[in-house]
Amino acid sequence: MRVDPCYFYTPALRVDSVLRSGTPAGAVQVLDLEDSIPKRAKAAARDQLAAVDLSGTPLPGVVLRVNSIETPDGLADMLMLLDLDGQIGGVPVQTVLVPKVAAGRDVAIYRSLLSGLPNPPEICSFVETLDAVENAYDIAAASDGLCFGQADLLSEMYAPDESFLAHARARLCVAAARYGRPAIDTNSFELWDTEVIRAQSEAAKRCGFTGKAAIHPKQVDVIVETFSADPAELDSYRRTIKDYESDAGGFAVTRDRVLAPPFVAKARRMLALYRRRAHGRRLRQVRALLHELRQADRRRRGQGDHLPA
């Protein structure tokens with residue numbers, strides 16, 4: 001799964017806002033059928049997604065959060081996606097976010113259902129139940145990415161035990177790293193104080209998360225800034241690998257660092273992570289350029305229609 005710094009959620013009932021305002025720069029567009037849609041409106045939300053046309057946007061693809069397949073709405077979400085050949089408004093669904101996963105076998109059900117599509121989307125699983133925390137490694141092995149759902153996890157607890165939440169977050173991030181998956185942190189419910197959002201994002205990055213969800217445009221810039229690659233950090237990783245490989249002894253101690261296999265392995269892991277992120281950014285840039293060219297061509301054709309005979 002592509003690694004991105006920010007995942008911007010839009011309720012499916014408001015998918016028209018994507019046409020009006022676009023997706024904030026640096027963010028991946030998530031269309032949500034789950035928590036942001038009340039039960040009475042879920043059918044209408046599916047209808048909105050089936051009717052919208054996103055082909056005129058610069059989106060290279062979208063992410064779709066569905067309801068749990070254990071519910072009638074979850075089954076209806078999957079049927080809708082199959083009926084639409086894995087696309088929303090002419091744009092491919094690149095990733096499906098699946099909630100309330102308890103174990104890897106749950107992920108296998110979604111993957112089997114979507115396997116018949118021309119381009120089956122990847123599966124990113126939410127770790128948001130007590131069972132999911134315990135089975136994080138099993139879920140990570142079966143998934144293409146992991147998301148942390150703190151609000152739902154808290155709903156299964158008598159009290160917001162900070163030590164258990166720290167354990168759950170760490171377990172998700174370590175499981176994601178073990179299998180080379182992106183780890184996406186839960187969204188912040190702070191909408192206005194960007195310093196709070198920054199502190200939450202930095203704490204998530206220190207824990208091992210590779211990106212974070214956003215539910216308001218004001219959150220996006222801070223999240224993108226926090227989780228974007230630092231060029232100096234990347235240069236340091238490259239230098240570590242180069243110096244280690246050029247040292248005949250395979251181990252060296254300098255004034256400011258130690259060159260040894262564990263540090264080289266870490267450098268290679270992080271460079272691989274950021275290469276996937278750079279690839280995703282290039283795809284978005286190409287799609288945006290194509291969108292601009294199409295728009296320019298439409299304007300040119302429109303002006304030609306009004307030229308005098």
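Start at Ile88: once its neighbours within four places in sequence are set aside, Ile88 is in contact with Leu31, Leu49, Val52, Leu54, Val62, Met80 and Val93. Bear in mind as you look around that this is a predicted model. Ile88 is a good place to begin, since it is one of four residues, with Leu31, Leu49 and Leu64, that touch the most other members of the largest nonpolar core. That core counts 59 residues, and its largest share, six residues, is supplied by helix 8, which spans residues 162–179. A second core, of twelve residues, lies apart from it; Val63, Leu97, Cys124 and Ile184 are among its members. In soluble globular proteins, nonpolar side chains tend to be buried together.

Now zoom out for a moment. The chain has 309 residues, and buried ones make up 46% of them. Its secondary structure comes to twelve helices and eleven strands. If you take the contacts between residues at least 6 apart in sequence, 70% of them join residues at least 24 apart.

Two residues of one loop give examples of contacts that reach along the sequence. Val15 is found in the loop between strand 1 and helix 1, and Leu13 sits in the loop between strand 1 (6–11) and helix 1 (16–21). Are they buried or exposed? Val15 is buried, because its relative accessible area is 0%. Leu13 comes out at 33% relative accessibility, so it counts as partly exposed; the partly exposed class runs between 20% and 50%.

Both have Gln48 as a partner. For Val15, the C-alpha to C-alpha distance to Gln48 is 7.3 Å, with their positions 33 residues apart in sequence. For Leu13, Gln48 is 35 residues away in sequence and 6.3 Å away in space, again C-alpha to C-alpha. Beyond four places in sequence, Val15 is in contact with Thr10, Leu31, Gln48, Leu49 and Val52. Leu31 and Leu49 on that list are also contacts of Ile88. With residues up to four places away left out, Leu13 touches Ile37, Ala41, Ala44, Ala45 and Gln48.

Follow Leu49 and you land in helix 2, where Lys42, Arg46 and Leu49 meet Asp73, Ala76, Asp77 and Met80 of helix 3. Sorted by class, this contact has three nonpolar, no polar and four charged residues. How do the two helices lie against each other? Helix 2 (residues 42–51) and helix 3 (residues 72–83) pack at an angle of about 10°, and their axes are 11 Å apart. That makes helix 2 roughly parallel to helix 3, because angles under 35 degrees count as roughly parallel. Met80, on the helix 3 side of this contact, is another residue that Ile88 touches.

Helix 3 has a second partner. It packs with helix 4 at an angle of about 30°, with the axes 10 Å apart, so helix 3 is roughly parallel to helix 4 as well. The crossing of helix 3 with helix 4 is right-handed. Here Met78, Leu81 and Leu82 of helix 3 meet Tyr110, Leu113 and Leu114 of helix 4. By class, this contact has six nonpolar residues, no polar and no charged ones.

A couple of loops around here deserve a look at their backbone. Asp85 lies in the loop between helix 3 and strand 4 (87–88), and it has a positive phi of about 55° although it is not a glycine. Lys100, in the loop between strand 5 (91–98) and helix 4 (104–114), also has a positive phi, near 55°, and it too is a residue other than glycine. Lys100 counts as partly exposed, because its relative accessibility is 29%.

Last stop: helix 9 (residues 194–207) and helix 10 (residues 217–227). Their axes come within 9 Å and cross at roughly 35°, and the crossing is right-handed. From helix 9 the contact takes in Thr194, Ile197, Arg198, Ser201, Glu202, Ala204 and Lys205. From helix 10 come Lys218, Gln219, Val222, Ile223, Glu225, Thr226 and Phe227. What classes do these residues fall into? They divide into five nonpolar, four polar and five charged.

Definitions and conventions. Residues are numbered from 1 along each chain as its sequence is written. This is a predicted model: local features need pLDDT of at least 70, side-chain atom pairs count only at pLDDT 80 or more; totals for chains, interfaces and linings use all residues. Side-chain values use heavy atoms; hydrogens and water are left out. Axes are lines fitted to C-alpha atoms, for helices over the stretch in contact, and angles run from 0 to 180 degrees between N-to-C directions. Helices (H or I, at least four residues) and strands (E, at least two) are DSSP runs, numbered from the N terminus. Angles under 35 degrees count as roughly parallel, over 145 as roughly antiparallel, 65 to 115 as roughly perpendicular and the rest as oblique. Contact means heavy atoms within 4.5 Å. Ala, Val, Leu, Ile, Met, Phe, Trp, Tyr, Cys and Pro count as nonpolar, Asp, Glu, Lys and Arg as charged, and the others, Gly among them, as polar. A nonpolar core is a set of buried Ala, Val, Leu, Ile, Met, Phe, Trp, Tyr and Cys residues joined through side-chain atoms within 4.5 Å. Buried means under 20% relative accessible area, exposed over 50%, partly exposed in between (1.4 Å probe, protein chains only). A crossing is left-handed if the near helix is turned anticlockwise from the far one by less than a right angle, and right-handed if clockwise.
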